[in-house]
Every structure is written in C-alpha cells, then in structure tokens.
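Student: Could you take me through one part of this model up close, starting from a single side chain and working outwards? I'd like the geometry spelled out, and then whatever else is worth a look.

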Amino acid sequence: MSPAMVMKSEESYEDNDEREVHHHQYQKGVKQLVENGRIHTLPQRYIFPASDRPIITTTEEQDDDSSFVGNKKIDLPIIDFSELIGSNRLQALRSLAHACQHYGFFQLVNHGISEEVIRRMKDVMGRFFNQAYEERAKHMTSDMKAAVRYGTSFSQNKDSVFCWRDFLKLLCHPLSDYLPHWPQSPMDLREVAATYAEETNNLFLRLMEAILESLGIKEEEEEDDNNNNIMKKLEEGGSQMMVANLYPPCPEPDLTLGMPPHSDYGLLTLLLQDEEVEGLQIQFQGKWLTVKPISNAFVVNVGDHLEIFSNGRYKSVLHRVLVNEIKSRTSVASLHSLPFNCTVKPSLKLIDDANPKRYKDTDFHTFLAYVSSREPKGKDFLHSRKLTSFTTH
Ligand code: OGA
Ligand code: NI
C-alpha cells in the first residue's frame, strides 16, 4: 500500500479539485462522466458517508482476478425449476420454502428460458447504453410512473449522494400500452425486450404458484371472499418493471456503491447478474456477502409485497451493489407484483391467534408517495407498513 493511500482522510477528499465536478456533469450519468473526463479520483458527490462504505479487501490470490470485489461469498440455495414442475415437486417446494424463509434469495436453474433469449436481452441493453448520450437522454424524466425512464443513481433530481449507476427502466404490463413508448433505438430493442418480458412474466407466474403452495395456500380455495386471490389477479395481468443497470468502472470503488442497501418492493425480482463481474451482495446473518454469478441462472429474491402477503414468513432481504475498478458491470432485473391498483395484505390463511396480522394493507399509491418523498434507505418502506404493536416488540 502506498503512503498516499494510508494518508487518505476526509479532509484530503475535500481539498482535491478533481472531486469538484460541475452539477450538470453528473446529471448526465456515470457513463458520460467517465467517458468525458479523465476521472482518477471519485467526485465528491459520489462519496458515501464512511459508515455506509463497503469494505473491499484484496488478498494475494485475488490480485490477478480483477473481477473480484468484496471478501466473503455466499452460496445461495439452488432451486431447480425442472424439479419444481416435475415429479420431485414436493421436495423442491420444501427447498423453496427454506430459501425464502432463511435467505430471501435463491438461484433458479433449469428455468426453461433459452440462452438465446437471455443473451439477446443482455446484448441489446449493452447496445442501448453504448449509444450516444443524446440518444439515451431522450428518455430522461423525473416522472416515477413514466413508461420509460433513463437516469442515474435513483432520482438524479433528489439524491444528495449519488450512486455509481445508470439505468433504463421499462414498464411492461399491459405490453400493448407500454411498448409504443419504449426506445426505438437500438432498432431491435422493443422486440427483444418484449420477448424477454413475456418469458420472465410466465416464469414468475409459475414460481408464484409454487410459492403459494409452499405457504400452504391452494389456489382453488384461495380467499375470494376477502378478494385476496393473488393468482387470479396476476394471471389477469400484474405489474412488471424491467430495469437494466450499468455500473461503469469506478476509480475508487471503496468509497461508493452501485446501489445502496435496499429491498425490492414487489412480490419477486428475477435478476440476471453479469456473468463475469461480481457485485451483488446480500445481507445474511448480519454480514454483507457476495453472490457468485451462475451462468444463465436467475437470482430470485423475495420483495416487500411477498413479505407482507406471507405475514412475515418469507423475508425481503437487504442487498446492495459494489462497483469495480476496472470492469464495467451490467445486470437486468425484472420486478413483478400485483396490478398497480391492488392492495397487498397478509393472507388470511397465515393469520391466527399464534400469528396475528403483522402488516398494514398496502397499495402502490402509498408506496410511490413514500419513495417520491425521500431517498431509498434500507427497509424503511416495509418498516412503515408494520403494525405498531409489533415494531415495539
Ligand atoms: C435491483 C438490484 C442488483 C444488481 O435492480 O433492484 O438489486 O446486481 N440489482 O444490479
Ligand atoms: Ni434490488
């Protein structure tokens, strides 16, 4: 370690002219910032408070592996989708329940979505980000409900500390309403992303059936009386948002994050990680652990709505993204939930004297009002939905 690195302190960051980047420059996103200036140090705006920074260690054996970030890895439970729909369903359901209860995350393999569909989706999103800034900027908007939103950090107009991430968000359901608003460049984006959206939505539906069964809720006898028949609403058309994330190489990855700790709001998220560059970390038993990429697998996680629906049995777990000094990283997340006009509430089947209702009924308006009013921070939203008698225990 060089003496300069040892000397690094808060004061020296502020003395450094290179950290002063003009407002309009970071508004254009991280990719534009990296490409337009010789960035050797991280601009002030991206520096997280010391307590929120990641601890990234490099040991001898990892030195020659530039994709390495973070120290400890986690082997997530692996759920084999072909077993879930085959003769081994009961055993697979038990593994699924265990994963959702104890990890909030699992790797889904043999899911039936072809390598070709996955490759084309990653490829077209890569080409979207590689276009000229002016082309990407056509889709910049501060409207959280827009059918298409290109941006940087989370909310570039509101965030006080920026995270090292650019994104493209596409609303997907109903497809015929949203498709005409999606980017027309690259030329094949609409077709490729529409196929991907349909296939991930079908996979999500089959996974939700399995999850309901794993919770002991049978579809036919679901709570129509209470108008909480979740499968029926999802089959008719739930909400789906796809997010392509780009995390460009970062000069000082130990001072910032690609995404701060957050939980996802929906029922389930299906994530395609970058196959070569690690970055996703989840919180497990109080520690941040790195999720190893598995080729063509989906990293699936429980969102806030499923934690609420399952009355707390399945956990919406905090996760964050580290960035890399040398390599650019991309990911594609597909977030699925009930239709926007629906209310999410704990299933009556999971409430009894021993397990009283733990969460308030929750709708998207409340969620959007909440996230528009503040920066995302941990599991704030979910905590705000907990019934007070339980938050004090
Ligand atoms: C997300 C997310 C992780 C990643 O989009 O909500 O957590 O690896 N992404 O990009
Ligand atoms: Ni997430």
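Tutor: Let's start with tyrosine 46, which is buried, with a relative accessible area of 0%. Keep in mind that this is a predicted model. So what does the ring of tyrosine 46 pair with? One partner is phenylalanine 162: the ring centres are 6.0 Å apart and the planes sit at 90°, so this pair is edge-to-face. Tyrosine 46 belongs to the loop between α4 and β1, while phenylalanine 162 belongs to the loop between β4 (148-152) and β5 (166-171), so the contact ties together parts of the chain that are 116 residues apart in sequence. Phenylalanine 162 is buried as well, at 0% relative accessibility.

Now for the other side of the story. The structure holds eight aromatic pairs. Among them is tyrosine 26 with tyrosine 46, again edge-to-face, at 6.4 Å centre to centre and 90° between the planes. If you apply the cut-off, centres have to lie within 6.5 Å for rings to pair, so the 6.4 Å of tyrosine 26 and tyrosine 46 makes it. This pair also links distant parts of the chain: tyrosine 26 is in helix α3 (residues 23-27) and tyrosine 46 in the loop between α4 (30-36) and β1 (73-74), 20 residues apart. Tyrosine 26 has a relative accessible area of 7% and is buried. Buried means under 20%, so that 7% for tyrosine 26 qualifies. Put together, Tyr26, Tyr46 and Phe162 join Trp164 in one aromatic cluster.

Staying with aromatic rings, there are charges sitting over two of them. Arginine 165 lies over the face of phenylalanine 154, 4.9 Å from the ring centre. Lysine 169 has its charged end over the ring of phenylalanine 167, at 4.9 Å from the centre.

Lysine 169 is a handy bridge to the cavities, as it is one of the residues lining the second largest cavity, along with Asp143, Met144, Ala146, Ala147, Arg149, Leu170 and Met241. That cavity has a volume of about 30 Å³, and its lining has five nonpolar, no polar and three charged residues.

How many cavities of 30 Å³ or more does the structure hold? There are two. The largest has about 60 Å³ of space. Its lining takes in Lys122, Met125, Gly126 and Phe129, then Ala244 and Asn245, Leu272 and Gln273, and finally Thr330, Ser331 and Val332. Elements giving two or more residues to that lining are α7 (115-130), β6 (239-247) and β13 (329-337), and α7 provides the largest share, with four residues. By class, this lining splits into five nonpolar, five polar and one charged.

Next, the metal. Which protein atoms act as donors to the nickel ion (ligand 2)? They are NE2 of His262, OD of Asp264 and NE2 of His319, lying 2.1 to 2.2 Å from the ion. Along the chain, the donors follow the spacing H-x1-D-x54-H. Histidine 262 is in strand β7 (residues 259-262) and histidine 319 in strand β12 (residues 319-321), so to speak a link between distant parts of the chain, 57 residues apart. Both of these histidines, 262 and 319, are buried.

Last, some backbone details you may want to check before setting anything up. The peptide bond from histidine 173 to proline 174 is cis, with omega near -5°, and proline 174 is in the loop between β5 and α9 (175-178). Serine 185 and proline 186 are also joined by a cis peptide bond, with omega about -5°; proline 186 is in the loop between α9 and α10 (189-214).

Then look at phi. Asparagine 110, a residue other than glycine, has a positive phi near 50°. Asparagine 110 lies in the loop between β3 (105-109) and α7 and counts as partly exposed, at 49% relative accessibility. Glutamine 285 likewise has a positive phi near 50°. Glutamine 285 is in the loop between β9 (280-284) and β10 (287-291), and is exposed, with a relative accessible area of 70%. Glutamine 285 and tyrosine 103 are 182 residues apart in sequence, yet 9.2 Å apart in space, C-alpha to C-alpha.

Conventions: Residues numbered from 1 in each chain as written. Chains lettered and ligands numbered in written order. Predicted model: local features only at pLDDT ≥ 70, side-chain atom pairs only at ≥ 80, totals over all residues. Heavy atoms only, no water. Phe/Tyr/Trp six-rings, centres within 6.5 Å; stacked < 30°, edge-to-face > 60°. Buried < 20%, exposed > 50% of the residue type's maximum accessible area, 1.4 Å probe, protein only. Lys NZ or Arg CZ within 6 Å of the ring centre and 35° of its normal. Donors = N, O, S within 2.8 Å, 3.2 Å for Na, K, Ca; no water. 1 Å grid on protein atoms, 1.4 Å probe; cavity = no way out; pocket = protein on both sides within 12 Å on 5 of 7 lines; lining within 4 Å. Points joined across faces, edges and corners; volume = space filled by probe spheres on them. Nonpolar A, V, L, I, M, F, W, Y, C, P; charged D, E, K, R; others polar.
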